[in-house]
Amino acid sequence: MAKSTRLRIEGLADLERALDNLSKSAGRSVLRRSLRKAAEPMAERARALAPVKTGKLRESIKFGSLLNGSQRKLHRKLTLEERTAIELFLGPSYVKGSGGRVGHLVEFGTAPHGNGGLFAGTLHPGTPPRPFMRPAFDAEAGPTIARLKPILWAEIEKAAARAARKAARAAAKGGN
């Protein structure tokens, strides 16, 4: 089972105050968009490192905020303090037909095992691990954090401008 890594950014009190000035949903959207933009190079690195046979595994590497049933069972529950956190997952999609359902087998390899079905009674020699997600994370985790602060500021400014325009339109409409 892959281990999760938590990254915490501290010392960003100005950003936190600016986020507090936005509505809760706007703040969460800003965080989600910013994290996705900052982590895109990590996704690109994973795609570049993914072994290519048909290209489906590479194409299946996506961002998501939801886990499938078996992933949810293994995922650590958030503490009360963390419930307002934004979680973004990056990896091969497990949607049927996307090609990502073999991602863990490629990343970690397989042990020798007996085959069933059409090849019942034969032995598969196993496959060596060909990691692509972990090396991408190791190479891009630090740079992702460095990219996050300026991206967050830009997204907060855009959201604040949108909120101001919306308030101005509402005031103009109500003032007639």
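**Figure 1. Arg33 and Glu155 pair up in a salt bridge.** In this predicted model, the closest N and O atoms of Arg33 and Glu155 sit 2.8 Å apart. The pair ties together distant parts of the chain: Arg33 belongs to helix 2 (residues 24-49), Glu155 belongs to helix 6, and 122 residues separate them. You can also look at this spot as a polar contact, with the side chains of Glu155 and Arg33 joined at 2.8 Å. Which partner is buried, and which is partly exposed? Glu155 is the buried one, because its relative accessibility is just 2%. Arg33 comes out as partly exposed, because its value is 31%. As for the chemistry, side chains of opposite charge can pair when their charged atoms come close.

**Figure 2. Glu155 has another partner, Lys158.** Stay with Glu155 in helix 6 and find Lys158, which also makes a salt bridge with it. Here the closest N and O atoms are 3.6 Å apart. Why are Glu155 and Lys158 separated by about one helical turn? They are three residues apart in helix 6, so about one turn of the helix lies between them. Lys158 has a relative accessibility of 42%, so it counts as partly exposed. Glu155, at 2%, is buried.

**Figure 3. Four charged residues are linked in a network of salt bridges.** Zoom out a little from the last two views. Which residues make up the network? They are Arg33, Lys37, Glu155 and Lys158. We've met three of those names already, so let's look at Lys37. Lys37 sits in helix 2, and with a relative accessibility of 43% it counts as partly exposed. Now look across to Leu148: the C-alpha atoms of Lys37 and Leu148 are separated by 8.1 Å, although the two residues are 111 apart along the chain.

**Figure 4. Glu140 forms a salt bridge with Arg147.** Glu140 is another residue of helix 6. The closest N and O atoms in its pairing with Arg147 are 3.1 Å apart. Is each partner buried or partly exposed? Glu140 is buried, because its relative accessible area is 9%, and the cut-off for buried is under 20%. Arg147 has 24%, so it is partly exposed. There's also a neighbour in space to spot here: Pro41 is 99 residues from Glu140 in sequence, yet their C-alpha atoms are 7.2 Å apart. Taken over the protein, the count of salt bridges comes to eight.

**Figure 5. Glu107 is buried yet has no salt bridge.** This view moves to helix 5 (residues 103-108), where Glu107 lies. How far away is the nearest side chain of opposite charge? That side chain belongs to Arg134, and it is 7.0 Å away. A salt bridge needs the nitrogen and oxygen atoms within 4 Å. What does the side chain of Glu107 reach at 2.8 Å? It reaches the backbone nitrogen of Met133.

**Figure 6. Four positive residues gather in a patch on the surface.** Here you're looking at Arg162, Arg165, Lys166 and Arg169, which together make a patch of positive charge. Pick out Arg169, which is found in helix 6 (residues 133-175). Is Arg169 buried or exposed? Arg169 is exposed, because its relative accessible area is 54%, and exposed means over 50%.

**Figure 7. Lys62 sits in strand 1.** After so many helices, here's a strand. Strand 1 covers residues 61-64, and Lys62 is part of it. Lys62 has 44% relative accessibility, so it counts as partly exposed. Compare its place with that of Glu44: the two residues are 18 apart along the chain, and their C-alpha atoms are separated by 9.7 Å.

**Figure 8. The protein chain has six helices and four strands.** This last panel puts the close-ups back into the whole chain. In what pattern do the helices and strands follow each other along the sequence? Reading along, you get α-α-α-β-α-β-α-β-β-α. The chain has 176 residues, and buried ones make up 27% of them. Glu155 is one of the residues that count as buried, because its relative accessibility is 2%.

Methods:
Residues numbered from 1 in each chain as written. Predicted model: local features only at pLDDT ≥ 70, side-chain atom pairs only at ≥ 80, totals over all residues. Heavy atoms only, no water. Patch = residues over 30% accessible without salt bridge, like charges linked within 9 Å, V, L, I, M, F, W, Y side chains within 5 Å. Areas by Shrake-Rupley, 256 points an atom, 1.4 Å probe, with all protein chains shown as cover. Lys, Arg positive; Asp, Glu negative; His and termini not counted. Charge placed at Lys NZ, Arg CZ, Asp CG, Glu CD. Helix = DSSP H or I, 4+ residues; strand = E, 2+ residues; numbered from the N terminus. Buried < 20%, exposed > 50% of the residue type's maximum accessible area, 1.4 Å probe, protein only. Polar contact = N/O pair within 3.5 Å; in protein donor to acceptor, adjacent residues only side chain to side chain.
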